[in-house]
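Got your viewer open? Let's take a short walk through this structure, one selection at a time.

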Amino acid sequence: MNVSLKRVVKVIAQQTIGRLPRASSRLTGTLAIDGGKRVRDIRLRPWADYHEGSFVQWLFRVRPAFRSIFVSGVEGAPQPLAKQFAQQWAEYCGCRYGLLLGHGTDALRIALAAALDHDGLDYGGEVIIPNLSFIATATAALDRRFGLVLVDVEPDTLLLDPQRVEEAIILGKTRAIMPVHLFGQPANMTVLRDIARRHGLKLIEDAAQAHGSAWETGPSGSLGDAAGFSFQSHKNLTCGEGGALTTNDEQLFERAYSLHNVGRSLERNERWEHVKLGWNCRITEYQAALLIERFRRLEREQGRRRRNYFKLQEMLRETSCVEPLATHPGVRKHGVHMFVMRYKLENCGGLPLDDFLRRCGAEGAPIYRGYKYTIARQLAIEQLMEKRPEYFRLMPTPVADEATKELIYIPQNVFLGSEDDMSDIAAAIRKVQQYSAACIGKAKPSARVHSERNGEENEQDSRRVESVVRTTSQV
């Protein structure tokens, strides 16, 4: 059967068999990994996809935009669409200025260099960052020859701990604080901004995972001296690869513009004149066009993500094997990039984390391992710390160290689904918890009975799918 026909068969099966009432036995009894009934058969009931409906979007909006760019011949500079989206994004983030860039890492390193007016040719002082984050938080600073101070995070949110930040500051050496709005939740910017002000430090937001989020004092992107966002393929708004810098500081923006446009002046922007050291970090017009189109539906999608995010939190309230991260009372809008939980194996019969994930996956639940290492424990950073110790200060980070043993998450696309989807995830977790707590290390006298009964139900589903395949093939 060719690929197109398989796709048709899959859709028909999902729209017919996938809509039939499901057996209640799927919620209890033997786990699917042991031959029981799955809580959710994702062949028939797939999770929500960020790209659903993309063919219609492509046909009537994206394709004409791409054609226009191609025919005009303006695929890069002078970047009319990139400038249009940068301004839209800046206003969305409550800022006066925005700059569209090739990657989120570019946004962070240029934000740091522009905020501190540092060319990166010599040591630039220290930047304080959390020891729990994606490695780009560290490498963006190292790229501009800033030293790193790795500090701990708060136990309930896993965001940069302001108290640990203040303890780590060395006057005359520390130059900036770079909090990370991890998993979509803004860090405590009220306290961090006060610390930065009192010590004369720059405050740069790593908002790569925080699209559409807001703190009590304003939207993410407007809370510090500058911010860096990412539009990489896993983000809530994406063009495959991309980034953005936002700021309300005119001089910082002018420096950032020169840095990203091979040193050209923002005011004159002459092709052969380079007034500062800079690089080419410009983005293409095709990527800008894609962002402009997808940005139209971002707030609607974010609203749905938030509703489902907090609904799932509520559904898991009585589930002891997982502990969802707390939401700080200062958060006005959660960005819902990931639904992060801490796995408590002592409440799941001592079941190891990887085994828990395999069992949840067999039930159809889209739960994955989070950060397995702190930044300091990444091999690349360990090697650099040994080779270039003058660039690093590692403070005690017991909270971050412990979190890497427990972190699991559900990706943002799943929250574009329905409340029923959230119910299935919660049911899968409860089923694994109940069965594992009862059966690990004990005999399972009823497992064979459950396995045979649920195996028959799985076989019935398979026969239904095969029937649809045969019928469609004949047609």
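Start by selecting Leu298, Glu301, Gln302, Arg305, Arg306, Asn308, Tyr309 and Leu312: these are the buried residues of helix H10. Keep in mind as you look around that this is a predicted model.

What do those buried residues of H10 pack against? Colour these partners to find out: helix H3 (80-92), helix H9 (285-295), strand S11 (331-333), strand S12 (338-343), strand S15 (407-411) and helix H14 (419-439).

Now show the whole of H10, residues 298-315. Try a quick check on its length: at 1.5 Å a residue, its 18 residues should span 26 Å, and the end C-alpha atoms are indeed 26 Å apart, so the two agree.

Keep H14 on screen and add helix H11, residues 353-362. Two packed helices are described by the angle between their axes and the distance between the axes. Here the angle is about 125° and the axes lie 9 Å apart, so H11 and H14 are oblique to each other. H11 passes H14 in a right-handed crossing. To see who makes the contact, pick Phe356, Arg359 and Cys360 on H11, then Ile429, Val432 and Ser436 on H14. Sort the residues of this contact by type and you get 4 nonpolar, 1 polar and 1 charged.

Last stop: select Thr374, in the loop between strand S13 (368-369) and helix H12 (379-387). Is Thr374 buried or exposed? Its relative accessible area is 2%, so Thr374 counts as buried. Leave aside its neighbours within four places in sequence, and show what Thr374 is in contact with: Asn131, Ala400, Asp401 and Thr404.

Conventions:
Residues numbered from 1 in each chain as written. Predicted model: local features only at pLDDT ≥ 70, side-chain atom pairs only at ≥ 80, totals over all residues. Heavy atoms only, no water. Helix = DSSP H or I, 4+ residues; strand = E, 2+ residues; numbered from the N terminus. Expected span 1.5 Å × (residues − 1). Buried < 20%, exposed > 50% of the residue type's maximum accessible area, 1.4 Å probe, protein only. Contact = heavy atoms within 4.5 Å. Axes fitted to C-alpha atoms, helices over the stretch in contact; angles between N-to-C directions. Parallel < 35°, antiparallel > 145°, perpendicular 65-115°, else oblique. Left-handed = near helix turned anticlockwise from the far one by under 90°. Nonpolar A, V, L, I, M, F, W, Y, C, P; charged D, E, K, R; others polar.
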